[in-house]
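Dear colleague,

I am passing the structure below on to you, and my notes on its enclosed spaces and on one annotated region follow it.

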Amino acid sequence: MAPTRYLRSSASRDVNPDLDIERKTPSFDVEKLTTILDGGAENTRVRRAVEAVIHSDPVFSREDKYFLSQNESYEAAVKKAVHLKKMMHQMKWSWAGSECKYCNRALGGEVAFTLHNIFMESILALSTDEQTAKWIPLAENYRILGSYAQTELGHGTYIRGFETTATFNISTQEFVLNTPKISAMKWWPGDLGRSATHTVVFAQLYIKGKCYGVHPFIVQIRSLHDHSPAPGVTVGDIGPKMDFNHIDNGYLLLQDVRVPRENMLSRFCEVLADGTYVKRGSEKINYFNMIIIRVKMLSNEVVPTLMKACTIAIRYSVVRRQSELMPGDQEAKILDYQTQQQKLLPVLAIAYAFHFMNEYMNELFSKGYREIKQKNFDSLPELHAFSSGLKAIVTEHSTAGVETCRKACGGHGYSLLSGLPSLYTRLAASCTYEGENTVLLLQTARFLVKCLGAARSGQPVPPSVAYLSAVNSERCLVRDKRDLLQPDVYVEAYRHVAIRVLSSAAAKLQALVQSGAEQHEAWHQCTVQLVHAAKAHCHYHVVKSFAEAVEKLGQEAGIQRIMKHLCGLFALHGIFSNTGDFLHDGYISGDQVDMMTASYLDLLAIVRKDAVPLVDAFDFTDETLNSALGSYDGHVYRRLYQWARKSPSNTKVRAGGKQTSPVCIHQGKPTLLSVLWACTM
Amino acid sequence: MNPDLRREREAAAFQSELLTHVLDGGAERTSRRREIEALVLNDPEFQHEDLNFLSRSQRYEVAIRKSALMVMKLREYGIADPDEIYWFKSICLGTCVGPLNLHFSMFTHTIENQGTVDQREKWLPLACGLQIIGTYAQTEMGHGTHLRGLETTATYDPATQEFILNSPTVTSIKWWPGGLGKTSNHAIVLAQLYTQGQCKGLHAFIVPIRQLGTHEPLPGITVGDIGPKFGYDEMDNGYLKMDNFRIPRENMLMKYAKVEPDGTYVKPLSDKLTYGTMVFIRSIIVGDSARSLSRACTIAIRYSAVRHQSELKPGEPEPQILDYQTQQYKLFPLLATAYAFHFVGAYMKETYLRITGDISEGDLSQLPELHALTAGLKAFTSWIANAGIEECRMACGGHGYSRCSGLPDIYVTFTPSCTYEGENTVMMLQTARFLVKCYAQVSSGQLVSGMVSYLNDLSGQRIQPQQVAARPTTVHINDPASLVEAYKVRASRLVEAAAKNLQGELNRRESKEDAWNRTSVDLVRASEAHCHYVVVKLFTAKLSEISDAAVRAIMTNLCLLYALHGISKHTGDFLQAGILTDAQVTQVYQHVKDLLAVIRPNAVALVDSFDFHDSHLGSVLGRYDGNIYENMFEWAKKSPLNKTEVHESFHKHLKPMQAKL
């Protein structure tokens with residue numbers, strides 16, 4: 001499998017004419033859009049420079065990716081991580097810099113030791129200065145390799161339920177860590193199974209028989225000399241998963257493992273030598289750091305994955321021809337079918353919508369960060385609620401979107417060589433990690449219900465929920481289908497639904513409480529509705545931030561025009577998929593729904609023309625896509641055939657030099673054939 | 001047994017065993033099925049290592065060994081009834097995909113249906129005895145759905161009385177057929193027939209591809225495995241390229257069309273007949289949708305009864321996650337869907353057998369409806385089951401992502417049914433074509449029969465959207481029969497809207513195909529609404545056949561949940577058509593939640609009724625005894641990465657790096 005070497009200029013490529021023609025007359029400046037997506041031309045330049053370095057290094061090749069066993073994937077990821085560390089050192093790239101982010105993009109995230117960074121970040125966030133001075137240099141130089149052990153076999157979301165214990169022993173000045181039962185084993189942490197020498201363990205702290213809740217402890221789990229497990233430590237890999245098989249997600253069982261008193265990360269609480277428990281400072285800043293991880297995950301991992309899937313599926317859909325649209329004509333490109341457009345183009349619109357949503361959220365967080373640094377924590381509840389809900393809907397829609405792309409590629413989408421199954425399986429994990437989506441939506445809902453109450457009683461509310469204070473409009477007044485494409489019209493429709501759904505959930509909640517239900521029981525009864533309200537709130541914000549971003553593109557008329565179409569497509573797709581929400585109280589009428597459907601279908605045809613330039617603008621290299629269907633040159637079938645022939649199932653040869661025979665894919669034993677022949681009767 | 005699961009089972013309001021009998025079609029059939037399953041489960045020869053820890057090559061070996069063993073044992077036990085073979089096969093292969101599946105289904109099936117008496121006498125004994133192993137090679141790299149577009153050629157040479165087979169382009173390489181890469185020595189190849197200089201369209205040919213005995217590819221044949229896939233690791237989906245490969249004239253399947261020795265082409269009487277095989281396979285996919293979704297529901301619901309998380313009431317112990325309304329809302333509608341699809345699958349099978357009975361006696365009148373029905377229902381059920389399996393997986397949180405849950409495997413094995421044997425959107429459009437035709441028939445004053453007879457209500461001048469919308473709202477949301485009516489009105493409204501939009505486009509466009517394409521989103525919606533109606537109708541019809549009152553009561557609630565949840569997800573259609581009012585929609589939402597609470601105490605018993613043996617479920621999370629955590633630990637210990645306490649990567653990569661820094 002040899003993806004074409006890294007080439008930027010399309011002129012030097014032999015491009016499939018079916019794909020080439022799609023690029024002839026874009027309605028906008030593709031290169032300019034790329035720089036906008038990158039956040040400036042300088043970023044684009046740096047990114048491409050990093051990609052060029054990575055792709056020209058054979059150690060980073062991903063050619064074998066689809067053919068590796070779990071062991072081989074893990075080893076390849078370790079090898080790449082070690083090499084990357086060396087390279088970053090040579091190039092003087094910093095871990096916190098944009099180069100590191102671009103390396104990760106170029107490598108498709110397939111490197112080991114990703115938790116090592118989380119290990120360091122958690123030490124920086126949770127430790128005292130002395131602790132930082134002790135551990136960070138060791139970690140930076142890979143003297144120790146870290147992981148972060150929070151989740152247990154029996155407990156994930158609910159941190160208070162953790163069962164691992166750390167009991168302080170005054171006489172030895174040590175904490176004794178234990179896994180009291182099987183469900184208390186640490187389970188899932190990345191890099192924990194085979195790589196890590198140390199980990200931050202979250203455990204219930206006990207002093208003199210009293211429980212003080214969950215605290216973080218640095219625990220050495222493997223010898224720095226021969227890497228064997230430390231005394232009292234049972235550690236291993238949790239076995240094959242849907243994806244991430246290059247990562248050794250691990251389990252950890254602790255039996256009377258002793259760590260010195262200094263190993264409890266003590267920025268916020270400390271246990272003194274005599275066993276006195278001291279609390280200090282505010283943990284809120286720490287809280288903020290956790291939310292930041294979520295936000296970064298969306299912009300560095302989730303949305304780019306969706307963009308890759310769009311790139312592959314849309315390029316393939318202009319190369320693949322199927323059936324006739326006009327009798328006697330050549331078979332039509334499948335992207336010319338309305339049903340194919342309706343599968344892929346809304347997903348493309350979602351990818352752009354989420355990109356602009358992320359930008360908006362990043363701004364919001366930069367602002368929040370400045371305030372928090374000045375010890376002003378007022379915006380924290382809003383940031384938390386906002387990022388929780390958005391994490392849930394962005395991961396949910398992105399995951400579904402990638403799968404739509406895969407299925408839209410028909411049978412070939414099922415081949416790993418298409419690249420799409422792996423994009424899906426990686427992304428699918430994001431719906432449950434960093435907060436399970438339903439739990440997160442309910443957190444957002446709790447904030448919304450509180451703010452609705454405040455808004456109604458005339459109290460000030462944070463900006464993202466200020467719309468709850470306004471009077472809700474009663475009807476959409478549009479008479480012409482073109483007016484439905486006005487951003488203020490559809491933004492208003494989403495706002496209306498968000499208010500209505502939240503109000504009815506809140507009313508129900510109140511009614512239950514008034515009829516005598518306890519608060520928690522009433523809440524429980526309304527959770528399905530509350531999830532609906534949180535989603536409507538987030539959906540409104542995505543539409544709104546997209547529309548605002550389009551507004552700001554005034555200097556680039558061509559780009560602004562196509563982005564406006566995409567924004568309309570995103571908004572109308574949401575209405576088309578949930579007409580009931582908009583029809584429910586007569587906000588829009590049946591006739592308006594028909595008009596809206598007509599506008600929606602019109603937009604598909606418009607966006608269709610620019611579909612390929614719109615995915616080209618994402619500017620993924622062939623090596624990053626690693627797809628036989630999605631390469632820039634569009635030579636789908638040639639590549640599929642070449643790559644398949646390189647599959648180990650075909651290349652393992654016998655001593656005689658002939659193809660391995662019968663029935664067995666590779667190291668087959670002749671006995672199998674005999675078994676088959678023995679059936680002859 | 002885990003105490004949570006024991007409590008759940010004791011508290012159920014009905015006997016799950018009785019519901020199993022309903023699913024199996026009678027108590028005798030349940031016990032016969034279990035007898036047959038026991039033959040496999042108690043046989044040490046069928047034991048093998050957990051597939052999750054094996055390489056693709058090893059998985060293939062296991063699958064081949066089991067397939068061959070299965071054939072021998074079936075003969076040993078003298079099992080010949082198709083259902084019994086199916087039971088035996090399901091439990092024998094478990095979670096594995098059989099590389100010989102295509103041999104037993106498509107290869108022999110096609111020879112039986114399309115071969116002459118002579119051909120059947122020659123090939124079937126060889127195939128049954130596995131002296132030859134065959135597959136069915138239709139799909140090409142560049143062409144799937146559009147059969148006329150296939151490029152492989154078979155050119156008749158009267159001089160030698162042979163066909164010359166060629167793969168003229170890269171795109172014409174046969175691609176995907178199961179068992180083609182490494183297993184088969186023969187293939188039924190579909191190719192464009194050329195004789196006397198003319199193309200006569202697609203025909204089927206029996207082509208030897210590997211040497212009997214050595215199993216080497218024959219000269220002129222390039223054959224291999226297409227590489228790793230999302231799932232189907234045990235299957236050698238293959239490619240096949242032919243260069244001037246000659247086969248005797250007799251290798252063309254000639255029951256219908258014929259080529260005489262001199263090259264004269266004799267046309268078939270009816271080309272509808274070749275659809276039979278496709279229809280059969282599609283009806284099986286509907287049943288698969290039900291079974292795959294049932295397996296996923298079994299795992300997710302049992303796990304949700306064992307898993308405890310957070311607080312519902314401050315200070316109380318962590319509740320079972322199945323007690324959360326949001327979790328019930330994810331899983332119970334899927335459980336109801338699984339039951340609905342079971343009954344649809346059973347209906348399809350009966351209908352298929354009934355209609356093909358007619359076909360063999362020459363009556364083809366029901367074939368168009370059968371074709372339309374299987375196409376749409378295949379798409380409808382496989383799409384929904386596909387999404388449902390993933391919802392079940394995600395409802396299991398992080399552990400659902402581990403292969404020990406069995407859920408990733410169920411998903412990747414099931415998901416290709418959305419694209420194979422007819423891509424779903426194409427299938428929906430086939431159904432739509434039938435619906436539009438029926439609509440036109442009704443508009444011109446003729447009546448239609450069968451599942452589409454509701455379109456007759458739109459006869460005469462009543463074909464006005466306003467008229468339909470103006471229907472009095474008389475839906476009773478507690479009555480399944482009334483909900484069937486609601487779905488019926490929705491379907492007729494959407495079929496009508498699509499037909500009218502199509503007519504509008506036809507008036508504006510030159511090409512019929514263009515007009516059709518510009519209406520296809522509407523047409524797919526119409527088909528979906530039709531299929532949805534059929535499913536609600538068949539589920540409802542099943543209720544009256546259930547004799548046990550407790551079972552009937554819980555199934556009635558499941559049926560209501562299925563129907564009401566469907567409405568709640570498509571309120572727009574029901575509101576826009578004036579079938580339901582705003583107030584009723586609000587009631588529907590509330591009633592769905594009420595039903596969740598009714599089903600909750602019966603949920604575990606309802607999945608127990610599917611009666612999947614643990615080995616068939618292939619899931620640590622879904623174990624019947626619910627002892628998940630200790631078994632997850634046991635399972636994980638077997639991970640390939642755990643073979644040595646220190647992984648070799650430490651010595652190869654980590655240590656050298658640390659030494660340098």
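In this predicted model, a search of the whole structure turns up 2 cavities of 30 Å³ or more.

The largest cavity holds about 70 Å³ of space, and its lining is made up of Cys476(A), Leu484(A), Val489(A), Tyr490(A), Ala493(A), Leu572(A), Ile575(A), Phe582(A), Ile588(A), Gln592(A), Val593(A) and Met596(A). Two or more residues of that lining come from each of helix 13 (487-514), helix 16 (557-577) and helix 18 (590-609) of chain A. Sorted by class, the lining of the largest cavity comprises 11 nonpolar residues and 1 polar residue, with no charged residues.

The second largest cavity encloses about 30 Å³ of space, and the residues that line it are Leu145(A), Thr197(A), Ser223(A), Leu224(A) and His227(A), together with Phe650(B) and Gln658(B). The lining of this second largest cavity divides into 3 nonpolar and 4 polar residues, and here too no charged residue is found.

As for the annotated region, the UniProt record, an unreviewed entry, carries the annotation "domain: Acyl-coenzyme A oxidase N-terminal" for residues 29-144 of chain A. In the model, residues 29-144 of chain A are 69% helix and 0% strand, and the C-alpha atoms at the two ends of this stretch lie 48 Å apart.

With best regards

Conventions: Residues are numbered from 1 along each chain as its sequence is written. Chains are lettered from A and ligands numbered from 1 in the order in which they are written. This is a predicted model: local features need pLDDT of at least 70, side-chain atom pairs count only at pLDDT 80 or more; totals for chains, interfaces and linings use all residues. Side-chain values use heavy atoms; hydrogens and water are left out. UniProt positions are given in the numbering used here, feature names are shortened, and annotations may be inferred rather than shown by experiment. Helices (H or I, at least four residues) and strands (E, at least two) are DSSP runs, numbered from the N terminus. On a 1 Å grid over the protein atoms alone, a cavity is a set of points where a 1.4 Å probe fits but cannot get out, and a pocket is an open set with protein on both sides within 12 Å along at least five of seven lines; lining residues have an atom within 4 Å of a point. Grid points are joined across faces, edges and corners, and a volume is the space filled by probe spheres set on the points. Ala, Val, Leu, Ile, Met, Phe, Trp, Tyr, Cys and Pro count as nonpolar, Asp, Glu, Lys and Arg as charged, and the others, Gly among them, as polar.
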